[in-house]
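Please look at the sequence and the structure together, and keep both in view while reading. The paragraphs below go from one region to the next.

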Amino acid sequence: MHTPFIIATLTIMQPDRTKCKPAATGAVVPGAAASAWLSAAVATLLAAAAAPTARAQEYPSKPVVIVVPAAAGGPTDTLARNLGVAMGSALKQQMIIDNSGGAGGTIGINKAAKARPDGYTVLLYHIGMSTSPALYRQLPYDTVNDFEYIGQVADVPMTLVAKKEMSPRTFGEFLAYARVNQSTLTYANAGIGSASYLCGLLFMSTIQADFTTVPYRGTGPAMTDLVAGRVDFMCDQTTNTTPQIKAGTIKVYGVTSNVRVPSLPDVPTLDEQGLKGFALVVWNGLFAPRGTPKPVLDRLVGALQTAVTDPAFKTRLADLGAEPVPLAKATPESLRTLLKSEIDKWGPIIRKTGVYAD
Ligand code: ASP
């Protein structure tokens, strides 16, 4: 882990050799200058070493920004806002959302990777962290090594949904209809690297069809267009689709988890409707830029652990078909292990499709 404060101080304290030359008056000799420099350097080093502790004790003294690599109003935004309330009360500080959508989340991920590693910027993102290394030949950040890990946050199933006017009534009918009309059907998603894109890619390869994809900066705006009937269908997280399904503004054909979602008990899984083995649940994790000091990370881990066990947070997510992770998964090690195994899992599957974003 970096210790940026100490490195910066040391840089300032490099001895200036010219000052070691005897002054014209002969009052300053090299030995005295070197020893004065040494004492100053030691004092500064001691102060610098103490600084992170002092900072950690004060932390957080101002709002903490959660970078959401998607537009406002979508599933990651919804999760971040609820998480921000729960973690914010544990940290006794406000958490504010920075929606930086685009390029399937990679713009926001990059922004968080390059942010000052001082604990005032964290990143909430999901399964897309593990698919973008295969989808993008060139990423401006190193997915595994440019972050500190705080912990897993929540698991969110997805739903296959369509505009209300879509004529097929059941998933079986939709499948037949989609195969026949694939050249004209439009499929909305949050861009290459998003969960909605991944779900569509798996769906298309499973049913051997090809639809026109319509990318958005997040499925928040995509949902607006789906409700308005400007796009035909999408596969999106229950945190975004549940309110619309319940309000009857969109049609639902199935959930992507291998068991039904308690908040949508009447919606069958795709697996039970014949798409055997089709299972996709979106994991979400909280990251910090590499070099964030350990005492600050510890505070964030503690706040995350308070959040995932917070009854209000649990209830809010359950209403939206999602579930905070068990405490044991809200840890840095668990997120690090998950990310690595997910990259290993999705890489070969995506490479087989031959799809690249760049
Ligand atoms: N994360 C995106 C959003 O919040 C959705 C997605 O990944 O499909 O809009």
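What follows is a walk through the ligand site, two helix pairs and two details of the backbone. The model shown here is a predicted one.

A good place to begin is the ligand, which has 14 residues around it, and among these Ala70, Gly74, Ser194, Ser196 and Gly218 come nearest. The elements that give two or more residues to this shell are helix H3, which covers residues 75-91, helix H7, which covers 195-207, and helix H8, which covers 219-227. Of the elements, H3 gives the most, with 3 residues. By class, the shell around the ligand consists of 5 nonpolar residues, 8 polar residues and 1 charged residue. Where does the ligand lie with respect to domain 2 and domain 3? Residues of the shell come both from domain 2 (64-155 + 284-353) and from domain 3 (157-273), and therefore the ligand lies between the two domains.

Helix H3 also leads to the next region, since helix H10 (residues 294-308) packs against H3 with the two axes 8 Å apart and at an angle of about 120 degrees. Because of that angle, H3 counts as oblique to H10. The crossing in which H3 passes H10 is right-handed. On the side of H3, the residues that take part are Leu83, Ala86, Met87, Ala90 and Leu91, and on the side of H10 they meet Arg299, Ala303, Leu304, Thr306 and Ala307. This contact of H3 with H10 is made up of 8 nonpolar residues, 1 polar residue and 1 charged residue.

A further pair is formed by helix H5 (residues 128-135) and helix H12 (residues 332-353), whose axes are 8 Å apart and which pack at an angle of about 45 degrees. With that angle, H5 is therefore oblique to H12. H5 and H12 cross in a right-handed way. From H5 come Met129, Ser130, Thr131, Pro133, Ala134 and Leu135, which meet Leu339, Glu342, Ile343, Trp346, Gly347, Ile350 and Arg351 of H12. Sorted by class, the residues of the contact of H5 with H12 are 8 nonpolar, 3 polar and 2 charged.

Two details of the backbone remain, and a general remark helps in reading them. Most peptide bonds are trans, and most residues other than glycine have a negative phi. In this model, however, the peptide bond that joins Tyr59 and Pro60 is cis, with omega at about -5 degrees. Pro60 belongs to the loop between helix H2 (30-58) and strand S1 (64-68). The other detail is Lys92, a residue other than glycine whose phi is positive, near 55 degrees. Lys92 is placed in the loop between H3 and strand S2 (95-99).

Key. Residues are numbered from 1 along each chain as its sequence is written. This is a predicted model: local features need pLDDT of at least 70, side-chain atom pairs count only at pLDDT 80 or more; totals for chains, interfaces and linings use all residues. A residue is near a molecule or strand if its C-beta atom, placed from the backbone, lies within 6 Å of it. Helices (H or I, at least four residues) and strands (E, at least two) are DSSP runs, numbered from the N terminus. Ala, Val, Leu, Ile, Met, Phe, Trp, Tyr, Cys and Pro count as nonpolar, Asp, Glu, Lys and Arg as charged, and the others, Gly among them, as polar. Domain bounds come from an automatic or database domain assignment. Axes are lines fitted to C-alpha atoms, for helices over the stretch in contact, and angles run from 0 to 180 degrees between N-to-C directions. Angles under 35 degrees count as roughly parallel, over 145 as roughly antiparallel, 65 to 115 as roughly perpendicular and the rest as oblique. A crossing is left-handed if the near helix is turned anticlockwise from the far one by less than a right angle, and right-handed if clockwise. Two residues are in contact if their C-beta atoms, placed from the backbone, lie within 7 Å.
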